[in-house]
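This report looks at a protein chain and the ligand modelled with it. The sequence and structure come next.

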Amino acid sequence: MGKIVIISGPSGSGKTTVCKLLEKDPRVKKSVSVTTRLPRQNEKNGEAYHFASTAKFEEMIRRGELAEYAEYCGYYYGTLLSALKEALTKDMVYLLEIEVQGALQIMEKFPETISIFLMPPDKKTLGQRLVQRNANKEQDMALRLKIADKELECKNRYNYCVVNDDLEVTVSTIRKILNLA
Ligand code: ADP
Ligand code: 5GP
């Protein structure tokens with residue numbers, strides 16, 4: 001039986017970086033979400049995300065093909081139900097790197113889910129990491145920081161909160177939580 005593990009946290013808190021390091025373990029696989037946002041430089045379709053049009057995404061909603069979905073910064077993001085169900089039949093850790101609204105939907109539908117909220121050390125560092133990543137326009141960055149405040153209010157809904165200060169410590173803490181260490 002597979003384990004579903006949610007990794008949430010404000011944009012720039014380090015979710016993608018941490019998930020990539022966790023995925024070095026062959027027992028761990030990250031779900032590839034569907035989104036209507038445009039690919040960033042070096043994001044490949046089918047790897048970072050399945051990039052889809054709004055019409056296609058809305059069709060997927062209608063057909064019940066998504067385990068959860070949410071709107072974030074003006075775009076849709078969702079988790080494929082078929083892939084999640086398949087992962088559950090295997091003895092593996094299936095990472096869902098998703099925002100808070102979607103995370104709450106998964107917690108309700110799949111109560112066995114382990115949920116981890118990744119925190120930045122502080123707001124200033126979060127801002128610096130977003131700038132350093134250099135993937136968002138200034139206006140989008142400001143909106144992401146505003147949404148971060150709302151997301152931080154939900155951290156107590158998660159099983160664990162992990163502060164992502166030193167990357168190595170963060171990954172080893174999560175590996176211990178997931179009994180991978
Ligand atoms: P998210 O997926 O949560 O939006 P990213 O994984 O893209 O965040 O990380 C945002 C930026 O912060 C990236 O440039 C990444 O290299 C950097 N970063 C992530 N974790 C750390 C850390 N522990 N210390 C310093 N920089 C980090
Ligand atoms: P980004 O545009 O930075 O890749 O992602 C924006 C936000 O959407 C992040 O918080 C990310 O975790 C979240 N996200 C990515 N995929 C999904 C998904 O399938 N469902 C939900 N609800 N959020 C997602």
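Which residues does UniProt list for "domain: Guanylate kinase-like"? The unreviewed UniProt entry gives residues 2-179 for this domain. The model discussed here is predicted. Over residues 2-179, helix accounts for 41% of the chain and strand for 23%. The C-alpha atoms at the two ends of residues 2-179 are 13 Å apart.

**Ligand site**

Ligand 1 takes up the space of the largest pocket. Two elements each give two or more residues to the shell around ligand 1: α1 (15-22) and α5 (123-133). The ligand is surrounded by 14 residues, and the closest are G12, K15, T16, T17 and R133. By class, the shell around ligand 1 holds 2 nonpolar, 8 polar and 4 charged residues.

**Polar contacts**

Three side chains have a polar atom paired with an oxygen atom of ligand 1, as listed below.

| Residue | Side-chain atom | Ligand 1 atom | Distance |
|---|---|---|---|
| T16 | polar atom | oxygen | 2.6 Å |
| Q132 | N or O atom | oxygen | 3.3 Å |
| R133 | polar atom | oxygen | 2.6 Å |

On its own, ligand 1 has 560 Å² of accessible area, and the protein covers 80% of that.

How many residues of the shell around ligand 1 are charged? The shell has 4 charged residues, beside 8 polar and 2 nonpolar ones. R133 is among the closest residues to the ligand, and a polar atom of the R133 side chain lies 2.6 Å from a ligand oxygen. T16 is also listed among the closest residues, with a polar side-chain atom 2.6 Å from an oxygen atom of ligand 1.

How values were computed: Residues are numbered from 1 along each chain as its sequence is written. Chains are lettered from A and ligands numbered from 1 in the order in which they are written. This is a predicted model: local features need pLDDT of at least 70, side-chain atom pairs count only at pLDDT 80 or more; totals for chains, interfaces and linings use all residues. Side-chain values use heavy atoms; hydrogens and water are left out. A residue is near a molecule or strand if one of its heavy atoms lies within 4 Å of it. A polar contact is a pair of N or O atoms within 3.5 Å; within protein, one must be able to donate a hydrogen and the other to accept it, and residues adjacent in sequence count only if both atoms are side-chain atoms. Accessible areas come from the Shrake-Rupley method with a 1.4 Å probe; for residues, only the protein chains shown count as cover. On a 1 Å grid over the protein atoms alone, a cavity is a set of points where a 1.4 Å probe fits but cannot get out, and a pocket is an open set with protein on both sides within 12 Å along at least five of seven lines; lining residues have an atom within 4 Å of a point. A molecule sits in a cavity or pocket if more than half of its atoms lie within 2 Å of its grid points. Helices (H or I, at least four residues) and strands (E, at least two) are DSSP runs, numbered from the N terminus. Ala, Val, Leu, Ile, Met, Phe, Trp, Tyr, Cys and Pro count as nonpolar, Asp, Glu, Lys and Arg as charged, and the others, Gly among them, as polar. UniProt positions are given in the numbering used here, feature names are shortened, and annotations may be inferred rather than shown by experiment.
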